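Visitor: I am new to this structure and would like a close look at a single part of it. Please take one sheet and go through it strand by strand, with some of the surroundings.

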Amino acid sequence: MHSRRFVVAAIVLVACGGNTTAVSHNNGGTGSLNLSVKADVDAVFSSTGSPTDFVVKIQDGAGNKVTGATVTISNLTWGSVVLTETTPGASGDYRKTQPSFPSGDFGLTVVCNPCGVPQISPTTTITGNVQGVVLGGPGVHTINYPQAGVAVAMNQPVAISWTTPIQAASASITTNNFGPVLAADTGSYTLPGASNPPAATQSLNLARYNEVAIAGGLFGSRLRVTVEANASYPVQ
């Protein structure tokens, strides 16, 4: 049964590329409409690697923790990755860390057959599911400018630039003196000169996002991906 579920998921997951955007790959899927599912795929890229954290929080309609679920995030590179509940039978939080960040889309499946709801009582259960959810992956980006360790002229506009393997839904730009500001993921943004004062070490964080509403979950259910890159440089 497990291998069959992966084959079905693999049909809808595709490698990102071409002229499409990450948002165009999104699919809200289906489900029983009685589970609240908040899922995150987070990666911070650095020279030493980009581990990816999966975090999924599951509740019922009253906000009670839902325990004992089978939670799977899939990707063409990794196949199906099963998340582990942090405190089995109690937390309702499911996590897993992968050693890298892959290209391509992410799929999400949640199965309660049934699950426990211990905040109500030790014997209370809930049966439900979320399936067929697809989130377009934006890929790992590189900050082209400013470059790490290379001085930038003080009090002058900074033409920030970065790669866009596939265009994300949005990007966020933050420095020690600016932001965070949301912008289109076009690969360029101009930091105002007034926000670029002298500094021995300035830090730029550039995060790119995509998100899909989970159609088969309760209102507010979603799957989100965040990929971050950082650069530190002097401003003189």
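**The open sheet and a nearby loop**

Guide: The secondary structure of the protein chain comes to one helix and 16 strands. The model is a predicted one. Before the sheet itself, some background on the whole chain. Along the principal axes, the C-alpha atoms fill a box of roughly 65 × 40 × 30 Å. The protein chain has 236 residues, and 43% of them count as buried. The surface that the protein chain exposes comes to about 10700 Å², with carbon and sulfur atoms supplying 54% of it. Charged side chains number 10 positive and 10 negative, and the centres of these two sets lie 5 Å apart. Among contacts between residues at least 6 apart in sequence, 69% join residues at least 24 apart.

Now the part you asked for. Five strands form an open sheet in the order β1-β9-β8-β4-β5, and their pairing is antiparallel. At the edges stand β1 and β5 (79-82), each with a single partner strand, so one side of each is left without a neighbour in the sheet.

Start at the β1 edge. Strand β1 covers residues 30-31 and strand β9 covers residues 125-135; the two run antiparallel and are joined by two bridges. T30 of the protein chain stands opposite Q131 in β9. For G31, the bridge partner in β9 is V130.

Next in the order after β9 comes β8. Strand β8 spans residues 106-116, and eight bridges join it to β9, again in an antiparallel run. One of the facing pairs here is L108 with V133 in β9.

From β8 the order continues to β4 and then to β5. The loop that leads into β4 deserves a stop. This loop lies between β3 (52-59) and β4 (70-75), and T67 has its place in it. Is T67 buried or exposed? T67 has a relative accessibility of 6%, and because buried means under 20%, T67 counts as buried.

Which residues is T67 in contact with, leaving aside its neighbours within four places in sequence? They are E85, G89, A90, S91, G92, Y94, C115, G116 and P118. Two names in that list, C115 and G116, can be placed in the sheet, as strand β8 takes in residues 106-116. The loop residue T67 is thus in contact with C115 and G116, while β8 is itself joined to β9 by eight bridges.

To retrace the path: the sheet has the order β1-β9-β8-β4-β5, and β1 and β5 stand at its edges.

Conventions: Residues numbered from 1 in each chain as written. Predicted model: local features only at pLDDT ≥ 70, side-chain atom pairs only at ≥ 80, totals over all residues. Heavy atoms only, no water. Helix = DSSP H or I, 4+ residues; strand = E, 2+ residues; numbered from the N terminus. Buried < 20%, exposed > 50% of the residue type's maximum accessible area, 1.4 Å probe, protein only. Contact = heavy atoms within 4.5 Å. Areas by Shrake-Rupley, 256 points an atom, 1.4 Å probe, with all protein chains shown as cover. Lys, Arg positive; Asp, Glu negative; His and termini not counted. Charge placed at Lys NZ, Arg CZ, Asp CG, Glu CD. Pairing = 2+ DSSP bridges.
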